Amino acid sequence: MLQPVQEKVSYGAQLLACLCNREFIFSISSAIIEDIKNMQEDKSALIAYYYFDFKDASKRDVRGLLASLLFQLSDDSDRCRDVLHKLYTSCRDGSTQPSDTALAACLEGMLDLPGQLPTFLIIDALDECPNTTGTPSAREEVLEFLEDLITSSHPNLFICVTSRPEQDIQTVLNPLTPASNRMSLHQEGGQREDIKSYIHSFVHKDRTMRRWREEDRELVIATLSGRAGGM
């Protein structure tokens with residue numbers, strides 16, 4: 001389970017995926033989501049999740065993140081919907097576009113509602129938010145937003161972030177996160193076994209690799225499994 005926001009954030013910044021395969025990270029974030037879905041279904045919690053995707057221009061920046069979180073929360077809560085509607089009317093019923101600052105303020109307004117339910121935000125694959133163009137870059141803007149959110153005083157807010165261990169992400173989030181709330185897949189024995197099992201399954205099911213000699217397949221499995229702790 002995620003820790004309360006007094007502990008600020010459950011941070012998977014060192015979550016790794018063998019051979020850049022996201023299946024393992026998906027399984028972690030999916031498990032978190034499933035763990036709290038029962039609370040969402042019985043209306044005792046709110047949940048919103050977002051996956052950064054470098055292949056999709058609409059899922060690579062803070063605006064996409066904010067818009068998705070606002071939509072999901074308002075879809076599950078009439079009170080959150082009222083907050084979003086106020087933003088809509090302030091933008092002349094949608095004839096103008098709100099700024100990123102206005103979107104962030106709208107999210108804060110939802111989180112600040114009296115008696116707000118526990119709210120869980122799962123932000124997946126942060127490293128896929130680009131850090132190469134713009135000043136500030138899209139990732140820098142997301143990290144600034146997360147830093148502000150994590151350091152805010154929302155006692156019922158729970159946050160989980162997953163990412164590869166990019167230096168800029170660790171630099172911002174590590175100081176905000178107790179070491180006990182971080183998890184690194186390549187340091188978890190069970191995860192190493194999962195990675196090895198995945199590689200073994202892939203090698204033996206792949207149509208081309210099935211024609212290889214057994215010793216060659218085993219060499220591939222051993223080599224890739226040994227490198228699972230890095231990129």
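## Exercises on a predicted model

The second largest pocket has a volume of about 190 Å³. A pocket here is an open set of points on a 1 Å grid over the protein atoms alone, with protein on both sides within 12 Å along at least five of seven lines. The volume is the space filled by probe spheres set on the points. This is a predicted model, in which local features need pLDDT of at least 70 and side-chain atom pairs count only at pLDDT 80 or more, while totals for chains, interfaces and linings use all residues. Residues are numbered from 1 along each chain as its sequence is written, and side-chain values use heavy atoms, without hydrogens and water.

**Exercise 1.** Describe the lining of the second largest pocket by residue, element and class.

Step 1. Lining residues have an atom within 4 Å of a point. For this pocket they are Val62, Leu66, Asp100, Thr101, Ala104, Glu141, Glu144, Phe145 and Asp148.

Step 2. Two or more lining residues come from each of α2 (62-76), α4 (100-111) and α5 (138-150). The most come from α5, with 4 residues. Helices are DSSP runs of H or I with at least four residues, strands are runs of E with at least two, and both are numbered from the N terminus.

Step 3. The lining holds 4 nonpolar, 1 polar and 4 charged residues. Nonpolar covers Ala, Val, Leu, Ile, Met, Phe, Trp, Tyr, Cys and Pro; charged covers Asp, Glu, Lys and Arg; the others, Gly among them, are polar.

**Exercise 2.** Classify the aromatic pairs and state the burial of their residues.

Step 1. Rings of Phe, Tyr and Trp (its six-membered ring) pair if their centres lie within 6.5 Å; planes under 30 degrees apart are stacked, over 60 edge-to-face, and the rest tilted. The whole structure has 2 aromatic pairs.

Step 2. Tyr50 and Phe52 have ring centres 5.0 Å apart and planes at 85°, so this pair is edge-to-face. Tyr50 is buried at 6% relative accessible area, and Phe52 is buried at 0%. Buried means under 20%, exposed over 50%, and partly exposed in between (1.4 Å probe, protein chains only).

Step 3. Phe120 and Phe158 have centres 4.6 Å apart and planes at 20°, so this pair is stacked. The pair links distant parts of the chain, with Phe120 in strand β3 (residues 119-124) and Phe158 in strand β4 (residues 157-162), 38 residues apart. Phe120 is buried at 3%, as is Phe158 at 13%.

**Exercise 3.** Locate Asp93 and Ala125, and give phi and accessibility for each.

Step 1. Asp93 is not a glycine, yet its phi is positive, about 55°. Asp93 sits in the loop between α3 (78-90) and α4 and is partly exposed at 49% relative accessibility.

Step 2. Ala125 also has a positive phi, near 60°. Ala125 belongs to the loop between β3 and α5 and is buried, with a relative accessible area of 0%.

**Exercise 4.** Summarise the whole protein.

Step 1. The protein has 8 helices and 4 strands, in the order β-α-β-α-α-α-β-α-β-α-α-α from the N terminus.

Step 2. Of the 231 residues, 43% are buried. Among contacts (heavy atoms within 4.5 Å) with a separation of 6 or more, 73% join residues 24 or more positions apart.

Step 3. The accessible surface is about 12100 Å², with 52% belonging to carbon and sulfur atoms. Areas come from the Shrake-Rupley method with a 1.4 Å probe.

Definitions and conventions. 1 Å grid on protein atoms, 1.4 Å probe; cavity = no way out; pocket = protein on both sides within 12 Å on 5 of 7 lines; lining within 4 Å.
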